[in-house]
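Open your viewer and get ready to make a few selections. We will take the stops one at a time.

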Amino acid sequence: MMSIRNLHARVDDKPILKGINLEISAGEIHAIMGPNGSGKSTLSSVLAGRDEYEVTNGEVIYQDQNLLELEPEERAWAGLFLSFQYPVEIPGVKNVYLLKAAVNAVREHRGLPELKAADFLKLVREKLKIMQMSESFLHRNVNEGFSGGEKKRNEILQMQLLEPKLALLDETDSGLDVDALRIVGEGINLMRTPDRSVLLVTHYQRLLDIVKPDFVHVLIDGQIKLSGDFSLAQRLEKEGYEGIELA
Amino acid sequence: MNGLHTLLTKSERYSAKDALQKGLPSKQVESWKYLPSRTLNKTKWVSASHRESAGFVLHGGRFANLPLCDGVNTSTNSSLNSAEIARLANLASAHGFSSAQDALNTDCLLLEVIKLAEVRIDLCRLANDAKEAGFATVVIRVGEGAKLLLIEQFEDAPRSQPNLDSLRILVDVSRNGEMKHLRFQTANDHAQVFTEIDVDISENGHYNLHTIDFGAKLSRTNIEIKLSAEQASTKINGLAVTNGSQYHDTHLAVEHRIGDTQSAMTFRNMVDGKGEATFNGRVLIEKEAQRSATKQSVGNLLLSKTARVNPKPELEIYADDVTASHGCTVGSLNRNELFYLKSRGINETDARAFLQYAFAAKLVELIEDADIRELVESRLLGELKHGELISELKESVNV
C-alpha cells in the first residue's frame, strides 16, 4: 500500500524527520507512538501534503505513485485521508456543504457517479448515527463551536463518508472523554477491511485497546527506533519512552 | 471648467465659494485622501433629467411616487423644523464636497412615520444618464414608538459613461422608536455613488444599518450616528465586495453623548483585482457617557496582489466606566483552512471559492429580510470566481 523510504523533512530549516522507513501493507493497522516533539504529527502532515514542511530526502511510494509529487487534493482522490489533530474551524461554511462537496469530488476521481442530494443525505444520516451525532451537525458551520470531542467525531464521520484506502489518524484520541473515545474507536474499527490500512498516531495505549494495531512503532527524534506488536504499546505504557531511549 | 463647478449658476458658485475654495474631494483632506477623485473633478457634469417610473424612486436628484402608506406623512422641505435645518447646515459645513451637495441639492423630502406606526418603505435609486449628476436629501422622522424598515436598492442599468448620484439621509429616531435601514448597493459600473447618513437617536431608540456594496465604480458612504439619550443603541453591519478597478469607501462615526448607550459594528471588505476599499470607523465616547458599550470588528480579505485596503478603526474614550473592544484584521485566505478543504479532495479553485464565500456569508446571514438576503447571496455567488459549486450545494442540500 505505502512504502516510506529514508524520509527526511524539515520546517523552517529545522530538521524534524531524519530518515523514516516504514512499510504499510493493505489491511494493516500501524500505530506510531513517541514523545512530544519526536515528529509524529510532522509525519502525518508530510504524508497529507501540508506545504509548510520541506522534504529534503527520501521518497514515499503509495500504490505505485510518488506520493510527494501529488497535491493534497490529489492525495485525497487517490484514497488518502488525514484526520487532523486540530480540526480546522471554517465559519461560514456549513458542514453539509463540505461533506457533499468532498464526497462527490472523491467519487468523481474514482470514476463513480455523483451522489444525488437524497442519496447523499441518506448516506450521511447513516454515518451520523454510527458516530452518535445529531443531524444538527450538518447545518452548523464546519467545526465552529464544536467541543474537542465533537470535532474528532466529525473527522471520523468524514473518513467514513470518504472511504479512504489509507487513513492517517493524527492523535484522534486526544481531548476525548471515555465515551467519545469508545465511539471514535468503534467508528475506526467499522472501517477495517482487508484492503484498507490505517496509520494511527497516538500518545497513549487507551485508543489502541479499542483499535488493536498489527504493528507499533516508536518514533524518537525523527526516526523509528523500535517496532513491535501490540505488546510494545503495553510496555511503553508501563516503562515510558525513557526506557526505550536507553535500550 | 470641469467637475461640480459646471453645475453651479453664477450666484450659486458665489454662495458655495467657500466650499469650492476648500476644494472638492482631494488628497489633501484626510477623510478623502484615498478616494480617486479624478472622474468626479474632471467630468463636465450636467444636471440630471428625470424620467417616469413606478414605485418610490430617486432619479435625477428628484424623488417620485412618494410612498402612500398608513402611518407615513410626506411633505417638502418647507416643513422642516429648526433642528433639522440646523443639522443640514452643519452637514453642509463639513467639507467642500458636503457644501457642494448642499448647494446643488434639487429635492428635499420629509418623511414622517407617525407615533406607534410600523411601516416598510422601499426606495430605488435609479441610474442617472451619462454625465448627469443628481443631488437629493431625505429627512426621516421616526415617531415615538414607531418602527420603520427602509430598504434602499439601486438600479444597475448599464452605462458607458460616468454618472453621479448623491443622497443625504437625515434621520431622527424618537423615544422608543426603531429604524432598520438596509442598503443593497448594486449601481452600474460607471456610477459615482455618494451617500451621507446622519442619525440622531433618542431615549431607548434604535437604528440598525445593514449596508452592502457590490456595485459602482466609486461609492462613498458617510455615516454619522449620535446616541443622544439613555439606552439609545445602534448596530451597523457592512459588507463591501470590491473588484476590478472599483473603489468602496465607508466612513463611520458613532458618538456616545450620554451614558448607557450601546453601539456595535461589524464590517467585512473583500477586495480582488485592482480594487481598493477604505473603512474608517471612529467611535467617540464622551465624558458623560458612562456605562456605554461599543464593539467593532473589521475584517479585510485581499485576494490579489494589486488589491488594496485602508482600514482605520479609531476609538476615542473620555469616560472611565465603559466597555469597548475593537479588532481589525487584514489578510489573504487562511492557508490552514485551504489545506483542510484540499485534504478532503476539494480542488484549489473550489476551496478558494468556499473560503471567500465563508468570509462574506456571516454578514449576509445577518440580513433579516429573507428576499433581500436571497438577492444579496445570489449576487455574492455571482461575484465569486467559481461560486457554482456553492450555488449547487445550497440548492441541493438545504433541507
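How many salt bridges does the count come to over all chains? The total is 42 salt bridges. Keep in mind as you look around that this is a predicted model.

**Stop 1: a salt bridge within chain B**

Select B:Arg175 and B:Glu203 and show their side chains. They meet in a salt bridge, with 3.6 Å from N to O. Now colour the strands around them. B:Arg175 sits in the loop between strand S9 (163-173) and strand S10 (178-185) of chain B, while B:Glu203 sits in the loop between strand S11 (191-201) and strand S12 (206-213) of chain B, so the pair ties together parts that are 28 residues apart in sequence.

**Stop 2: where the two chains meet**

Next, give chain A and chain B their own colours and turn to the place where they touch. Here 26 residues of chain B are in contact with 41 residues of chain A. Would you like a size for this interface? The size of an interface is often given as the accessible area lost when the parts come together. Between chain B and chain A, the buried area is about 2,700 Å², and carbon and sulfur atoms give 65% of that. Which three residues of chain B supply more of the area it buries against chain A than any other three? Select B:Phe339, B:Tyr340 and B:Arg344: together they supply 29% of it.

Stay at this interface and look for charged partners. Six salt bridges are counted between chain B and chain A. For one of these, pick A:Asp51 and B:Arg335, whose side chains meet at 3.0 Å, N to O. There are also 10 residue pairs in polar contact between the two chains, counting pairs with both residues at pLDDT 80 or more.

Which elements of chain B give two or more residues to this side? They are helix H6 (335-342), helix H7 (348-365) and helix H9 (388-397). H6(B) gives the most, with seven residues. Sorted by class, the side of chain B that touches chain A has 13 nonpolar, six polar and seven charged residues.

**Stop 3: two helix pairs in chain A**

Hide chain B and select residues 95-109 and 117-130 of chain A, which are helices H3 and H4. Their axes come within 11 Å and cross at roughly 110 degrees, and H3(A) and H4(A) are therefore roughly perpendicular to each other. Show the side chains at the contact: A:Val96, A:Leu99, A:Lys100 and A:Val103 come from H3(A), and A:Ala117, A:Phe120, A:Leu121 and A:Val124 from H4(A). Seven of these residues are nonpolar, none is polar and one is charged.

Now move on to residues 148-162 and 178-190 of chain A, helices H5 and H6. How do their axes cross? They come within 10 Å and cross at roughly 10 degrees, so H5(A) and H6(A) are roughly parallel to each other. On the H5(A) side, look for A:Arg153, A:Ile156, A:Met159 and A:Gln160; on the H6(A) side, find A:Ile183, A:Val184, A:Gly187, A:Ile188 and A:Leu190. This contact has six nonpolar residues, two polar and one charged.

**Stop 4: a helix pair in chain B**

Bring chain B back and select residues 82-92 and 96-104, helices H4 and H5 of that chain. Their axes come within 7 Å and cross at roughly 130 degrees, so H4(B) and H5(B) are oblique to each other. Zoom in on B:Leu88, B:Leu91 and B:Ala92 of H4(B), which meet B:Ser98, B:Ser99 and B:Asp102 of H5(B). The residues of this contact divide into three nonpolar, two polar and one charged.

Conventions. Residues numbered from 1 in each chain as written. Chains lettered and ligands numbered in written order. Predicted model: local features only at pLDDT ≥ 70, side-chain atom pairs only at ≥ 80, totals over all residues. Heavy atoms only, no water. Contact = heavy atoms within 4.5 Å. Buried area = accessible area lost by both parts, 1.4 Å probe. Salt bridge = Lys/Arg side-chain N within 4 Å of Asp/Glu carboxyl O. Polar contact = N/O pair within 3.5 Å; in protein donor to acceptor, adjacent residues only side chain to side chain. Helix = DSSP H or I, 4+ residues; strand = E, 2+ residues; numbered from the N terminus. Nonpolar A, V, L, I, M, F, W, Y, C, P; charged D, E, K, R; others polar. Axes fitted to C-alpha atoms, helices over the stretch in contact; angles between N-to-C directions. Parallel < 35°, antiparallel > 145°, perpendicular 65-115°, else oblique.
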